Amino acid sequence: MGSSSGQSNNSYDLSFKILLIGDSGVGKSSLLVSFISSAVDDLAPTIGVDFKIKQLTVGGKRLKLTIWDTAGQERFRTLTSSYYRGAQGIILVYDVTRRETFTNLSDVWAKEVDLYSTNQDCVKMLVGNKVDRESERVVSREEGIALAKEHGCLFLECSAKTRENVEQCFEQLALKIMEVPSLLEEGSTVVKRNILKQKPENQSPPAGGCCS
Ligand SMILES: Nc1nc2c(ncn2[C@@H]2O[C@H](COP(=O)(O)OP(=O)(O)OP(=O)(O)O)[C@@H](O)[C@H]2O)c(=O)[nH]1
Ligand SMILES: [Mg+2]
C-alpha cells in the first residue's frame, strides 16, 4: 500500500467492541468473513467464540472494530456472559428463510442481552440475513422492522453471500455508537490507554523526598 503516513503508532482514533449473536446457521460467521475479506465459503459451526479485527474509516474517524463472533449452538456456548462485557454494539442476526431464528431473537437472544450486557447505552442492530434466497423467504421486511422497533434496534436486511448491505451493517452500527457520548468516551479511552502502554518505561522513581 505504499509508504506509511509517518504517523505515530496509533493508527486509529476510536476502538469499539461489537458482538454477533443469534441462532446457529443464521450466518454470523459468514457475515463477519464477508465483511473482513469479501470472500465467503461454507463455514463450519463456530465453537465457543472467535474474533476478528477490522479497521475502517467512518464519519471521518479511523475506527478499530473488534468483532466477536459467538456460537449459536447451545453446546458450544460457554462463559457466555463474558462475551458481552464491554461491548458497545450488538448485532442480532436471524435468517429470513427460517422463522424460528426470528422468533428466538425475542425468546432467547434479547433476554440474554438484557441479562449480560454491562453497557446500558449499548447500540443494538437487528439483521435479517440471506436475502439472496428471496424465493424461500418466510420473514417479511415489515416484520423485521416491527421487531427492531419493539426492541429499540437499528435494522437492516443483508446477504453475506452477495455482500449486499454487509458493510452497511457495521458502518451504520459504528456511526450510531459514535452518536452516544458515553460510548464515544469508552472508545477513545481504550485508544488512550494503549498509547500510554506503548510509552517506554524509562522513568526512574523520583529521587529524594522519601522519609527517614
Ligand atoms: N444463501 C446464503 N447462505 C448463507 C448466507 N450466510 C450464510 N450462509 C450459509 O449458512 C450456513 C451457516 O453460516 P454460518 O456463518 O456458519 O452461521 P453461524 O451463524 O456462524 O452459525 P454458528 O457458528 O453455528 O452459530 C453456511 O452454509 C453459509 O454458507 C447468505 O447470506 N446467503
Ligand atoms: Mg459461526
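**A walk through the predicted model**

Start at the N terminus and follow the protein chain along: its elements come in the order β-α-β-β-α-β-α-β-α-β-α-α. That adds up to 6 helices and 6 strands. Keep in mind as you look around that this is a predicted model. The protein chain has 212 residues, and 36% of them count as buried. To get a feel for how the chain folds back on itself, take the contacts between residues at least 6 apart in sequence: 74% of these join residues at least 24 apart.

A good place to settle in is strand β3, which covers residues 61–70. Is this strand mostly covered or mostly open? It's mostly covered, with 7 of its 10 residues buried. Strand β3 also has partners to look at. One of them is strand β1, residues 14–21, which runs parallel to β3 and is joined to it by 7 bridges. If you'd like a spot to find on screen, look for L14, which stands opposite L63 in β3.

The other partner to visit is strand β2, residues 49–58. Here the two strands run antiparallel, and 10 bridges join β2 to β3. Within this pairing, Q55 sits opposite K64 of β3. Together β2 and β3 make a hairpin, with 2 residues between the strands. One residue to pick out in that turn is G59, whose phi is positive, at about 55°. While you're tracing strands, it helps to remember that in a regular strand the side chains alternate between the two faces of the sheet.

Now over to the helices. How do the axes of α1 and α5 (residues 166–178) meet? They come within 9 Å of each other and cross at roughly 90°. Angles from 65 to 115 degrees count as roughly perpendicular, so that is how α1 and α5 are placed relative to each other. Where they touch, α1 brings L31, S34 and F35, while α5 brings V166, E167 and F170. Sorted by class, this contact has 4 nonpolar residues, 1 polar and 1 charged.

Helix α1, residues 28–37, turns up again when you look at ligand 1: it gives the largest share of the shell, with 3 residues. How many residues surround ligand 1 altogether? There are 21, and the closest are G27, S30, P45, T46 and G72. The shell is a mix of classes: 10 of its residues are polar, 6 are charged and 5 are nonpolar.

Notes: Residues numbered from 1 in each chain as written. Chains lettered and ligands numbered in written order. Predicted model: local features only at pLDDT ≥ 70, side-chain atom pairs only at ≥ 80, totals over all residues. Helix = DSSP H or I, 4+ residues; strand = E, 2+ residues; numbered from the N terminus. Buried ≥ 20, exposed ≤ 12 C-beta atoms within 10 Å, placed from the backbone. Contact = placed C-beta atoms within 7 Å. Near = placed C-beta within 6 Å. Nonpolar A, V, L, I, M, F, W, Y, C, P; charged D, E, K, R; others polar. Pairing = 2+ DSSP bridges. Axes fitted to C-alpha atoms, helices over the stretch in contact; angles between N-to-C directions. Parallel < 35°, antiparallel > 145°, perpendicular 65-115°, else oblique.
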